[in-house]
Amino acid sequence: MARTLIAGNWKMNGLRSSLVEIVAIAGGVTPARENVEALICVPATLLMQAADQARESDLKIGGETCHANESGAHTGDVSAEMLADAGASYVIVGHSERRADHGETSEVVAAQAAAALRAGITPIICVGETAAERDSGKAIEVVTSMLRESLPTGAGADSLVIAYEPVWAIGTGNVATVEAVDEMHNALRESLSDVFGADADLIPILYGGSMKPGNAADLLAVKNVNGGLIGGASLKAADFLAIYAAA
Ligand SMILES: O=C[C@H](O)COP(=O)(O)O
């Protein structure tokens, strides 16, 4: 059975003054609940300080992307080793905003996930369909093939996290229905079973897309939903902690 992971993604939000939210979240998730983990992924500029603030707590801190290489001439990029050195234990890879804004393909995402594993941190591999892909009835096909292509080769099931984030639900308030989430998460679990066999059950599959305190309990109760990847509602400790409490 997969652990539950309640993960925040601050995206391009947060200044040093926002670290008070990290302190409040860290206090609210300590001591940890059995089998429920809390994580906030922050911009690279805040990583070291956020990790310092969370050090004595059960809150984990993560990065939002990483380069596939360990170091080198890649101006503006950050390697997985740098994230680990700054105190990250997770990194998001393949978020739809990275895929759209930076042209990151599933092949690139698989290499980034492999880089995270090389650095000893856990990749959260994001997949999701656009509104047009859902309307054309191809959501399951699109998302499961995106998953297959984004998986790093040779990874163990215990070192991966998957996040299903329908693009049309991100930051829009248009949360996916419980039925649609159930159908997609079952399909993702089946695809993971094809690769990892029975160990696929160890891989947390998170839902992301307008998850809020008001809808979290229903989404987190779906069979193959093992947590959330939360954008807007992770910026304020009270909202994040309400979702954590619902898990
Ligand atoms: O990574 C998080 C997702 O993109 C969800 O963002 P949101 O909760 O603001 O819709």
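Two residues are in contact if their C-beta atoms, placed from the backbone, lie within 7 Å. Residues are numbered from 1 along each chain as its sequence is written. The model is predicted: local features need pLDDT of at least 70, side-chain atom pairs count only at pLDDT 80 or more, and totals for chains, interfaces and linings use all residues.

**Exercise 1. Place Ser-79 and list its contacts.**

Step 1. Ser-79 sits in the loop between strand 3 and helix 3 (80-86). Helices (H or I, at least four residues) and strands (E, at least two) are DSSP runs, numbered from the N terminus.

Step 2. Ser-79 counts as buried because it has 22 C-beta neighbours inside 10 Å. The cut-offs: buried takes 20 or more other C-beta atoms within 10 Å of a residue's own, exposed 12 or fewer, partly exposed in between, with C-beta atoms placed from the backbone.

Step 3. Set aside neighbours within four places in sequence. Ser-79 then contacts Cys-66, His-67, Asn-69, Glu-70, Ser-71 and Ala-115.

Step 4. Take Ala-68 too. Ser-79 and Ala-68 lie 11 residues apart in sequence and 6.8 Å apart in space, C-alpha to C-alpha.

**Exercise 2. Determine how the buried residues of helix 1 are arranged.**

Step 1. Helix 1 covers residues 19-28, and its buried residues are Glu-21, Ile-22, Ile-25 and Ala-26.

Step 2. Viewed down the axis of helix 1, these residues fall within an arc of 135 degrees, so they line one face of the helix. The arc is that of the directions from the helix axis to the C-beta atoms.

Step 3. Recall the helix geometry. An α-helix has 3.6 residues a turn, so residues three or four places apart point the same way.

Step 4. Find the cover. It includes strand 2 (36-41), helix 2 (44-54), strand 3 (59-63) and helix 10 (237-246).

**Exercise 3. Locate the residues that UniProt lists for "active site".**

Step 1. The unreviewed UniProt entry lists His-95 and Glu-165. They span 71 residues in sequence, yet no two of their C-alpha atoms are more than 8.3 Å apart, so they gather at one spot. Such annotations may be inferred rather than shown by experiment.

Step 2. His-95 lies in the loop between strand 4 (90-93) and helix 4 (96-102). His-95 is buried, with 28 other C-beta atoms within 10 Å.

Step 3. Glu-165 lies in the loop between strand 6 (161-164) and helix 8 (178-196). Glu-165 is buried too, with 27 C-beta neighbours inside 10 Å.

Step 4. Beyond four places in sequence, the contacts of Glu-165 include Ser-96, Cys-126, Gly-128 and Ile-170.
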